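Open the model in your viewer and keep the selection box at hand. Each stop below gives something to select and says what is there.

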Amino acid sequence: MNFRGGEREAYASLVPTLHEQLAHQQFQFNPPATLRFGGVRERELLSKNYKFQRVLFWGKILGVEEEYFIAQGRGKNEIQTKKNLYSFNCIDWLLLPPITEDMMKAVSVAAKGRFRGDPSYVYEHLESKVSEENRLAVVIHQIDEEASVVPRGAFIRDLRGLVQVNRSFAGLSPSEATRLSNFLHFRKPKNQKKRRILEMADLNPAIDFLDVVSDDVPKGSWSLQLEGAGQVCILRSLLWPGLTLYHVLMTPQHGYIYIGSGMKNLDLPFML
């Protein structure tokens, strides 16, 4: 499906009653065959300029005036080679700037309130200034770092250290899908704690190299449900409302999407 169709289908999946059709949907970017974006010529340019192996529909950030559609390109190493692009019409795409420490600090100090939908808008607070485009890049990075999740086994790390799609992944079982320990943060590992020998015996270094969401603080920051007659697992972030993972059990179909205001729920520790 194209981005517009993908966004509509993904948004529909967020309603309380999950459509049965979700079990047959796969939210993966399929470029529209147009001359401006997505044709053979554009795919060749993306491959040549950005070295993307694939491009996924990441989600949508809602602004006061406009909405940002976000796409994510990935290279051979799915974790280390992420690049994000944004668009207002799903035809013309702009590459977001890389994240720096100074940029993140400026966003934390100066950027407050809702996104406006204007990349050139400048937020100011005392001596700190930051453009909305930079804020957009930082917020997407923060959401990916704190809330992007995948089922255990969906990705594999080879002997070269490259993280790639696990082609032999057959999906989680219904019993496995009810445990948060079978869902992993799709980012560079940060909280790899020392495990007991008995715990290590059940781990596979090729797939158990990421942080599990069950170790997240505060506890209770995820909502896990089985829907679609128990065939679809839905995992929602309460820290970043709008981030949802879906996984069709016993199949390799899975994905996550963010549709929201780009505002972190800082009150979550007081709500639990």
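Start with β1 and β14. These two strands run parallel and are joined by three bridges. (Strands are DSSP runs of E with at least two residues, helices are runs of H or I with at least four, and both are numbered from the N terminus; two strands pair if DSSP finds at least two bridges between them.) Select isoleucine 61 and look across to β14: glycine 260 stands opposite.

A word on the source: this is a predicted model, where local features need pLDDT of at least 70 and side-chain atom pairs count only at pLDDT 80 or more, while totals for chains, interfaces and linings use all residues. Residues are numbered from 1 along each chain as its sequence is written, and side-chain values use heavy atoms, with hydrogens and water left out.

Now add β2. β1 and β2 pair in the antiparallel sense over eight bridges. They form a hairpin, with four residues between them. Phenylalanine 57 stands opposite alanine 71 in β2. Is β1 enclosed or open? Seven of its nine residues are buried, so β1 is largely enclosed by the rest of the structure. (Buried means under 20% relative accessible area, exposed over 50%, and partly exposed in between, with a 1.4 Å probe and protein chains only.)Next, select Trp58, Ile61, Leu136 and Ile143. These have the most contacts inside the largest nonpolar core, which has 29 residues. (A nonpolar core is a set of buried Ala, Val, Leu, Ile, Met, Phe, Trp, Tyr and Cys residues joined through side-chain atoms within 4.5 Å.) The elements that give it two or more residues are β1 (54-62), β2 (67-74), α4 (132-147), β12 (232-237), β13 (243-248) and β14 (254-260). Helix α4 gives the largest share, six residues. Colour domain 1 (36-147) and domain 2 (149-271): both give residues to this core, so it lies between them. (The domain bounds come from an automatic or database domain assignment.)

Zoom in on leucine 136. What does leucine 136 touch? Its partners are Ile61, Tyr68, Ile70, Tyr86, Leu96 and Phe115, leaving out residues up to four places away in sequence. (Contact means heavy atoms within 4.5 Å.) Another core lies apart from the largest one; it has 11 residues, including Ala154, Phe169, Leu184 and Phe209.

Turn to the rings. Select Tyr68, Tyr86, Phe88 and Phe115, which ring pairs link into a cluster. (Rings of Phe, Tyr and Trp, its six-membered ring, pair if their centres lie within 6.5 Å; planes under 30 degrees apart count as stacked, over 60 as edge-to-face and the rest as tilted.) By this rule the count comes to seven aromatic pairs. Tyrosine 68 and tyrosine 86 are edge-to-face, 5.8 Å centre to centre with 75° between the planes. Tyrosine 68 sits in strand β2 and tyrosine 86 in strand β3 (residues 82-87), 18 residues apart. Tyrosine 68 is buried, at a relative accessible area of 1%, and tyrosine 86 is buried too, at 2%.

Stay on tyrosine 68 and add phenylalanine 88. This aromatic pair is tilted: 5.2 Å centre to centre, 40° between the planes. Phenylalanine 88 lies in the loop between β3 and β4 (94-95) and tyrosine 68 in strand β2, so the pair ties together parts that are 20 residues apart in sequence. Phenylalanine 88 is partly exposed, with a relative accessible area of 32%.

Then select phenylalanine 115 with arginine 135. Arginine 135 lies over the face of the phenylalanine 115 ring, at 4.1 Å from the ring centre. (A charge sits over a ring if NZ of Lys or CZ of Arg is within 6 Å of the ring centre and within 35 degrees of the ring normal.)

Last stop: β5 and β6. Strand β5 (residues 122-125) pairs with strand β6 (residues 128-131) in the antiparallel sense, over four bridges. Valine 122 stands opposite serine 131 in β6. This hairpin has two residues between the strands, and leucine 126 takes a positive phi near 55°.
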